[in-house]
Every structure is written in structure tokens, then in C-alpha cells.
Amino acid sequence: MNLKDYIHSIQDWPSKGVNYKDITPLLSNPQAFQLSIKGMVDLIESKTAMVAGIDARGFIFASAIAQKLGLGMLLLRKSGKLPPPKITFKYELEYGSDELEIKQVQKKDTEIILVDDIVATGGTISAACDLCIKAGYSVKQAIVLIDLVKIHAENFVLSNGIKIDSLIKLD
């Protein structure tokens with residue numbers, strides 16, 4: 001099964017010039033979804049304490065990975081979605097700014113795997129990594145379903161020096 005067949009490109013959505021990657025067909029097909037989770041789990045280099053999912057589609061993959069590995073789940077939410085106490089991180093995007101929130105770590109340097117559905121420019125996953133570090137977590141690995149390899153720098157790494165592993169690479 002080729003998972004790329006279950007990712008549809010929607011031209012000029014949500015705005016002109018954007019080539020949106022719709023993962024709904026992958027999520028709605030049980031075999032494709034299971035294969036994507038298995039593939040992402042196979043990318044994991046070492047077991048950690050938790051899997052951290054980035055709002056919102058990252059939650060889908062992070063929760064399935066956490067369940068499969070018997071790990072806890074950490075939510076990185078968009079602004080205004082978590083009750084206090086919380087730590088926030090504002091970051092710039094190509095067309096504006098955004099903010100993520102997280103709960104402060106209970107045990108300093110708790111090791112996590114950061115999970116999202118896609119990396120394009122790298123702005124959101126970079127901010128997520130920085131927020132996790134600010135909150136006291138140790139980001140050991142970052143995994144995405146899809147890497148849009150032509151959008152970010154070829155040698156792109158997060159602020160802590162780790163590269164992003166992906167199951168699917170698309171132009």
C-alpha cells in the first residue's frame with residue numbers, strides 16, 4: 001500500500017498559492033491509518049516517557065503512537081485552550097504569528113517525542129520544540145507523517161540540534 005495515494009493535494013486552499021495536503025483519505029482508511037502509525041512508530045529511535053502532539057492534527061498521530069507504545073500523551077495547544085497553570089510561546093509564521101501552550105513538566109528533563117502531521121517551513125514544529133524545552137522537557141526526537149522537502153532548508157534542524165524524521169517525503 002502506497003500511503004501517498006491517500007494524501008490529496010488541494011490547490012489554492014485555504015488561500016491562493018497554498019497547496020494543502022489533505023490527510024482525510026488516509027485517516028478514513030483503516031489500513032492506511034494503521035500503516036501510517038506503524039511506520040511512524042518504526043521511526044522511533046528509543047523509548048521515552050511521553051509523546052507530545054501538536055494541535056490539532058498532530059494529536060491524532062501522537063495519541064495513536066502513545067497508545068501503541070504504552071506511553072503518556074502531552075498536548076501542545078493553540079492559545080487559550082489549556083487551563084492554567086501553563087507556559088506559552090509566541091512565534092512568527094510566514095503570514096503572521098501564533099502561540100502555543102503546554103503544561104509545565106512535572107519531572108524536569110522528562111524525555112518526549114514530538115509528533116505532528118506535517119512539516120513545511122518548520123515554523124510550528126520549531127516553536128513546539130522551543131516551548132517544550134522552555135517548559136522543562138527534553139525533546140529526544142521529532143517525527144512527522146509528511147515532510148514537504150522543497151519548502152524548508154535541506155539541512156533543517158530544530159534548535160536542540162535534532163533533525164525531523166518523516167514517514168513520507170513530498171515535493
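**Exercise 1.** Is E111 buried, partly exposed or exposed?

*Solution.* The model is a predicted one, in which local features need pLDDT of at least 70 and side-chain atom pairs count only at pLDDT 80 or more, while totals for chains, interfaces and linings use all residues. Residues are numbered from 1 along each chain as its sequence is written, and side-chain values use heavy atoms, with hydrogens and water left out. The scale calls a residue buried under 20% relative accessible area, exposed over 50%, and partly exposed in between, with a 1.4 Å probe and protein chains only. E111 has a relative accessibility of 33%, and therefore counts as partly exposed.

**Exercise 2.** Which side chain meets that of E111 in a salt bridge, and where do the two residues lie?

*Solution.* A salt bridge requires a side-chain nitrogen of Lys or Arg within 4 Å of a carboxyl oxygen of Asp or Glu. The partner of E111 is K140, at 3.8 Å from N to O. Strands and helices are DSSP runs numbered from the N terminus, a strand being E over at least two residues and a helix H or I over at least four. K140 lies in strand β8 (residues 138-148) and E111 in strand β7 (residues 111-119), so the pair ties together parts that are 29 residues apart in sequence. K140, at 38% relative accessibility, is likewise classed as partly exposed.

**Exercise 3.** Place R77 among the strands, and identify its salt-bridge partner.

*Solution.* Two strands pair if DSSP finds at least two bridges between them. Strand β3 (residues 50-54) runs parallel to strand β4 (residues 72-78), with 5 bridges joining them, and A52 has L74 of β4 as its bridge partner. Strand β4 is also joined to strand β6 (residues 96-102), by 2 bridges in an antiparallel arrangement, where R77 has E101 of β6 as its bridge partner. The side chain of R77 forms a salt bridge with that of D55, at 3.0 Å from N to O. This pair links distant parts of the chain, since R77 belongs to β4 whereas D55 sits in the loop between β3 and α3, 22 residues away. D55 is buried, at 14% relative accessibility.

**Exercise 4.** Why is there no bond between the sulfurs of C132 and C129?

*Solution.* A disulfide is a pair of cysteine sulfur atoms within 2.5 Å, and a search of the whole structure finds 0 of them. The sulfur closest to that of C132 is in C129, and the 6.8 Å between them is too far for a bond. C129 is buried at 0% relative accessibility, and C132 is buried at 0% as well.
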